[in-house]
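Trainee: I have a new model open and would like to go through it with you. Could we take it one part at a time?

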Amino acid sequence: MPRAPYPLWSLDPGLVPLSEALCIDVDGDGKDELLYGSWPLVCTTLSGVEKWRYDGGMVQSAADLAGDGAMELVAFARERHDNASPAGQVMVISGRDGRVRWVRPGPQDVISGCCVAKLIPAESGLQLVCASEGRGNNAKWAQVWSFAGGCERARLWWEREFAQYGEHSAPAVGRYDSGTMAVAACTWGGIVLMRPTDGADLFRLYWECAPGQSGKRNYGPVLVTDLDGDGQTEIAILAGAINLHITVLAPGRGAPGAHSTPENPLPAPGVPLGELASYAAGPVLWQRYFGDSQPTGAFLLEFPHHPVADVDGDGRQEIVANVRTGEWILKVYDGMTGHEKLSLPGMRAEAV
Ligand SMILES: [Ca+2]
Ligand SMILES: [Ca+2]
Ligand SMILES: [Ca+2]
């Protein structure tokens, strides 16, 4: 008589479909755990034995925030789409037992993202950057939180309104120049780089995606990086939802000048959708604008995990994108020039 199949172990994928998992030693016992899901977020041993679960959002960062040797997890609720509720706030969870150690206070309509980094050298531990929006004040605002006093006693280092409300892009951090870090946050048709210590503007640019087309959304990864390894910073904006464009900025190549207000965006060259628009001078290196995907459009544009990488080993980073026009085409673009290095019809890259 045949034996019936039986489960060796099982997992609960939670309210939000599982898209990724994390293997890291979150409780300091010297062995990695497996973390997956949201509502619940579950922590198991690598053989599937549950250690703890937490009824909260997806993990954004795993780091020692307070600098006390214990690992914390930063989670938030963007994926649940009810982020005006307290459950949508950024939370800091103990990696040891899943206990909530801090919930970001204050109201918000949309918390559009957060990231963890060492931004203030004199402060112990790491800092948390948040970008929120509010209809009441019609503004987007940025915050930097410090955990030097412990995770339960986060201190708001600064907060400020930096743009008008209405575009839900997430913040990023990176090196502005060799001696300065920056907090980067996009807005309608623009980007603002802020000084981590006090939030002051370092750089503010508004630009068109095509002639007469400004005020575009910037939903997708924003990477503040050095694409060609020359020590100068570039910024890759990979906008793959509603408004589809890849835009690469070089703040060191020229000041925004008059194009630092939404009323006066940097004009775009006229090229067909999806084609390369190059800029001979100024803060935009190049862009490719693929139009809109909502409600419908000629293109879809999606990005793999880690879309900016040196995939051909020449010492300079490329941008990897999945472009759809009738079929998916895997594209590899030169990071600095936007020229197409590879085009593979019928292929997608899910991870780089
Ligand atoms: Ca462990
Ligand atoms: Ca560079
Ligand atoms: Ca390369």
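Trainee: Is strand E14 mostly covered or mostly exposed?

Mentor: This is a predicted model, and in it E14 is mostly covered, with seven of its eight residues buried.

Trainee: Which strands does E14 pair with?

Mentor: Strand E13, residues 172-177, pairs with E14 in the antiparallel sense over five bridges. E14 also pairs with strand E15, residues 190-194, again antiparallel and over five bridges.

Trainee: Which residues face each other there?

Mentor: Gly174 has Ala182 in E14 as its bridge partner. On the E15 side, Ala184 stands opposite Leu193.

Trainee: How many residues lie between the strands in these hairpins?

Mentor: The hairpin of E13 and E14 has two residues between its strands. The hairpin of E14 and E15 also has two residues between its strands, and Gly189 in that turn has a positive phi of about 65 degrees.

Trainee: What does E14 contribute to the largest nonpolar core?

Mentor: That core has 94 residues, and among those with the most contacts inside it are Ala182, Val183 and Ala184. Strand E14, residues 180-187, supplies the largest share of the core, six residues. As a general point, nonpolar side chains tend to be buried together in soluble globular proteins.

Trainee: What does Val183 touch?

Mentor: Leaving aside residues up to four places away in sequence, Val183 touches Val129, Ala142, Val144, Pro171, Val173, Met194 and Pro196. Val129 and Val173 are also listed with the residues that have the most contacts inside the core.

Trainee: Val129 came up twice. Where does Val129 sit among the strands?

Mentor: Val129 is in E10, and Cys115 stands opposite Val129. E10, residues 127-134, pairs with E9 in the antiparallel sense over seven bridges.

Trainee: What is the order of the sheet with E9 and E10?

Mentor: The order is E9-E10-E11-E12, an open sheet of four strands with antiparallel pairing. Strand E9 (110-117) and strand E12 (155-164) stand at the edges; each has a single partner strand, so one side of each is left without a neighbour in the sheet. From one strand to the next, the twist averages 15 degrees.

Trainee: Changing topic: what about the sheet that contains E17?

Mentor: It is an open sheet of five strands in the order E17-E18-E19-E21-E20, with antiparallel pairing. Its edge strands are E17 (222-225) and E20 (276-278), each of which pairs on one side only. The twist there averages 15 degrees from one strand to the next.

Trainee: How many bridges join E20 to E21?

Mentor: Three bridges join E20 to strand E21, residues 284-292, and the two run antiparallel. Ala277 stands opposite Gln287 in E21.

Trainee: Which loop holds Gly252, and what does Gly252 touch?

Mentor: Gly252 lies in the loop between strand E19 (243-249) and E20. Not counting residues up to four places away in sequence, Gly252 touches Gln232 and Thr233. With 15 C-beta neighbours inside 10 Å, Gly252 counts as partly exposed.

Trainee: And earlier in the chain, how do E2 and E3 pair?

Mentor: Strand E2 (residues 33-36) and strand E3 (residues 41-45) pair in the antiparallel sense over four bridges. They form a hairpin with four residues between them, and Gly37 in the turn has a positive phi of about 80 degrees. Four bridges also join E3 to strand E4, residues 50-54, running antiparallel. In the hairpin of E3 and E4, Gly48 takes a positive phi near 90 degrees.

Trainee: Now the whole chain. How many helices and strands are there?

Mentor: The secondary structure comes to zero helices and 26 strands. Buried residues make up 45% of the 352 residues.

Trainee: What does the radius of gyration say?

Mentor: The chain has 21 Å, which agrees with the value near 20 Å that a compact globule of 352 residues would have.

Trainee: Which stretch has a pLDDT below 50?

Mentor: The pLDDT is below 50 over residues 78-84, a stretch with 17 contacts in the model beyond near neighbours in sequence. Where pLDDT is low, the predicted coordinates should not be read in detail. Across the chain the average pLDDT is 90, and 93% of the residues score at least 70.

Terms used:
Residues numbered from 1 in each chain as written. Chains lettered and ligands numbered in written order. Pairing = 2+ DSSP bridges. Axes fitted to C-alpha atoms, helices over the stretch in contact; angles between N-to-C directions. Rg over C-alpha atoms; globule rule 2.2 N^0.38 Å. Buried ≥ 20, exposed ≤ 12 C-beta atoms within 10 Å, placed from the backbone. Core = buried A, V, L, I, M, F, W, Y, C linked by C-beta atoms within 7 Å. Contact = placed C-beta atoms within 7 Å. pLDDT = per-residue confidence, 0-100.
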